[in-house]
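Please find below my notes on this model, set out as numbered points. They begin with one group of charged side chains and then move outward to the fold as a whole.

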Amino acid sequence: MPLIQVDLDRGLYDASHDAIGEAIHDAQIEALGIPSDDRFQVFRPHDHGELKFDPGYNAVDRRSLLLIQVTAVHMYPVAVKRKFFETVVAKLTPLGVRAEDVLISLVENGFEDWYAGK
């Protein structure tokens, strides 16, 4: 049950949050093999100036920031996580989100760290 938290510019949120949520969820299904009903997403839109980032960090031409924070149970090998990152970016690109503007952080913990209603 990955928990997805997305920080993004308010204009992008207003224009595309449903499609962005679908793209991320579809990438989870495709790359992580989660069930289709395992969808937990929190969107946090930000006004101009609230998202701070270095536009040239790591030699990347960053113009904006779409931050995707994933919290998941520690169970995915590195290759699967890499596939997830690549799949997310591939699904966001048709929505006009540049790969250079995406930052994904996947944090893992144990099954004992979750409660999901029962």
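**Notes on the predicted model**

1. A network of salt bridges links Asp-61, Arg-63, Arg-98, Glu-100 and Asp-101, and this group seems a convenient place to start reading the model, which is predicted. The search that covered the whole structure returned nine salt bridges, so it is worth keeping in mind that a salt bridge here requires a side-chain nitrogen of Lys or Arg within 4 Å of a carboxyl oxygen of Asp or Glu.

2. Within that network, Asp-61 takes part in a salt bridge with Arg-63, where the closest N and O atoms lie 3.2 Å apart. Arg-63 counts as exposed, at 58% relative accessibility, whereas Asp-61, at 43%, counts as partly exposed; the classes follow because exposed means over 50% relative accessible area and buried means under 20%, with partly exposed in between.

3. Asp-61 also meets the side chain of Arg-98 in a salt bridge, with an N to O distance of 3.6 Å. This pair links distant parts of the chain, 37 residues apart: Arg-98 belongs to the loop between helix H2 (78–92) and strand E4 (102–109), while Asp-61 belongs to the loop between E2 and strand E3 (66–73).

4. Outside the residues named for that network, I would draw attention to the salt bridge in which the side chains of Arg-44 and Asp-7 meet at 2.7 Å, N to O. Here too the pair links distant parts of the chain, since Arg-44 lies in strand E2 (residues 41–46) and Asp-7 in strand E1 (residues 3–9), 37 residues apart. How do the two partners stand with respect to burial, as judged by the relative accessibility of Asp-7 and the relative accessible area of Arg-44? Asp-7 counts as buried at 8% relative accessibility, whereas Arg-44 is partly exposed, with a relative accessible area of 27%.

5. The strands that carry this pair, E1 and E2, run parallel and are joined by six bridges, and within this pairing Gln-5 stands opposite Val-42 in E2. Helix H2 packs on the sheet, where it touches E3 and E4, and its direction makes about 145 degrees with that of E4.

6. Which strand order does the open sheet have? Its four strands are arranged as E2-E1-E3-E4, with mixed pairing, and E2 and E4 are the edge strands, each of which pairs on one side only. Neighbouring strands are turned against each other by 15 degrees on average, with direction ignored.

7. In total, the secondary structure of the protein chain consists of two helices and four strands, which follow the pattern β-α-β-β-α-β when read along the sequence. The radius of gyration is 14 Å, close to the 13 Å that the globule rule gives for 118 residues, and the chain is therefore as compact as a globular protein of that length. The C-alpha trace spans about 40 × 30 × 25 Å along its principal axes.

8. Two further descriptors concern contacts and burial. Of the contacts between residues at least 6 apart in sequence, 77% join residues at least 24 apart, and buried residues make up 35% of the 118 residues in the chain. The protein chain exposes about 7000 Å², of which carbon and sulfur atoms supply 54%.

Notes: Residues numbered from 1 in each chain as written. Predicted model: local features only at pLDDT ≥ 70, side-chain atom pairs only at ≥ 80, totals over all residues. Heavy atoms only, no water. Buried < 20%, exposed > 50% of the residue type's maximum accessible area, 1.4 Å probe, protein only. Pairing = 2+ DSSP bridges. Axes fitted to C-alpha atoms, helices over the stretch in contact; angles between N-to-C directions. Contact = heavy atoms within 4.5 Å. Rg over C-alpha atoms; globule rule 2.2 N^0.38 Å. Areas by Shrake-Rupley, 256 points an atom, 1.4 Å probe, with all protein chains shown as cover.
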